[in-house]
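Me: Please take a close look at one part of this model for me. I would like the metal site and the strand beside it in the sequence, in one connected account.

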Amino acid sequence: LRMESLLYKAIDANQFVLFYQPKTDVHTGEVKGVEALIRWNSPELGMVSPLEFIPIVERGGMMPQVTEWVIGEACRQLQQWQPLDLKNIRVAINASPVDLRDQNFAAKLLAQLGGYDIPTKSLEVEITETGVMENMKTAIKSLRELQENGVTLSLDDFGTGHSSLSHLNALPLNVLKIDGCFVRDIHINPSNEAIVRAIVAMANTAGLTILAEGVETAEELLVLRNLGVDEIQGFVVSRPLSAEDVTEFILTTNAEFEASRHNRKHGRVIDLLPRWLSARG
Ligand code: C2E
Ligand code: MG
Ligand code: MG
């Protein structure tokens, strides 16, 4: 209850902040996009994780305002990146199941996006299976509208929620994000390897880009690459970073990618691994 009452003031008091985690091409090491992850910097409670406060935001009816704040902040960041060498970077925001129940979610998002001088394709929306299944009809309508307007759609935490493969086929989607629990120790866990292999085969048939999240080690990364995963996200590449730090990270990483582009076709990720692993500490 205390958290809830403090949360009501958090937006106006400017206590939320977005961190950004890179999404990297598993072959070249190029940063393709980032995921925006919210943190609450509370004067009373310190830095609070979204795992703790998002459920309270949802229950307290504050999700629409928080999502609107996240979208606005992501758009401001994209706008700042346009004049730099970062105009092709996509920013993904997380939509809550509450957002997917809102008939006007897509219209509101597109209207907000229209207030900035950025292409629609720069924005990505991550949804969860559970969020969609709770209200298939409304969710699918919103997702179609977003996709028709060029917004990239990713299915987050894939494999952990309540979904059926037949429902999945009905969803407009661009990217499947394999949950970190299937990535963990994949180099020594045959059951995880079998699961990821099956997900990749299915996603390929559906024409989806496959991203593995929660990748922590070089061993996991190399197995995922061999299994046909396209992009990775996780501590092995970078933790979520402040806006300033992620800007620096992308500029440095993509400059290395550009410099090597003419010389080599593959194997770049191998060259970047030592830096990633040492940055991880
Ligand atoms: P998610 O969307 O699946 O985000 C990925 C989470 O995994 C993030 O946790 C990230 O910090 C963490 N992570 C990244 N790499 C690794 C890794 O290598 N190993 C491990 N163990 N974890 C890794 P975070 O930032 O605490 O966010 C937790 C969840 O909170 C998110 O899961 C998402 O569901 C939710 N969330 C975050 N920001 C927002 C937001 O703006 N709106 C909404 N509705 N939900 C959000
Ligand atoms: Mg996410
Ligand atoms: Mg996830």
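Reply: What follows goes from the metal donors to the strand that carries some of them. Keep in mind that this is a predicted model.

Start with the magnesium ion (ligand 3). Its protein donors are Asp156 (OD), Asp157 (OD) and Glu213, which is listed with OE twice. These donors lie 2.0 to 2.5 Å from the ion. Along the chain, the donors follow the spacing D-D-x55-E.

A second ion belongs in the picture. The magnesium ion (ligand 2) sits 4.2 Å from the magnesium ion (ligand 3). Asp156 coordinates both.

Now compare the two aspartates by exposure. Asp156 has a relative accessible area of 6%, so it counts as buried, the cut-off being under 20%. Asp157 has a relative accessible area of 27%. That value falls between the 20% and 50% limits, so Asp157 is partly exposed.

Next, the strand. S6 spans residues 152–158. It is mostly covered, with 6 of its 7 residues buried.

S6 has paired strands to describe. One is S5, residues 123–128. S5 and S6 pair in the parallel sense, over 5 bridges. Within this pairing, Glu124 has Thr152 of S6 as its bridge partner. Another is S7, residues 175–178. S6 and S7 also run parallel, joined by 3 bridges. Here Phe158 stands opposite Ile178 in S7.

Back to the metals: Asp156, the buried residue, is the one that coordinates both magnesium ions.

Note on methods:
Residues numbered from 1 in each chain as written. Chains lettered and ligands numbered in written order. Predicted model: local features only at pLDDT ≥ 70, side-chain atom pairs only at ≥ 80, totals over all residues. Heavy atoms only, no water. Donors = N, O, S within 2.8 Å, 3.2 Å for Na, K, Ca; no water. Buried < 20%, exposed > 50% of the residue type's maximum accessible area, 1.4 Å probe, protein only. Helix = DSSP H or I, 4+ residues; strand = E, 2+ residues; numbered from the N terminus. Pairing = 2+ DSSP bridges.
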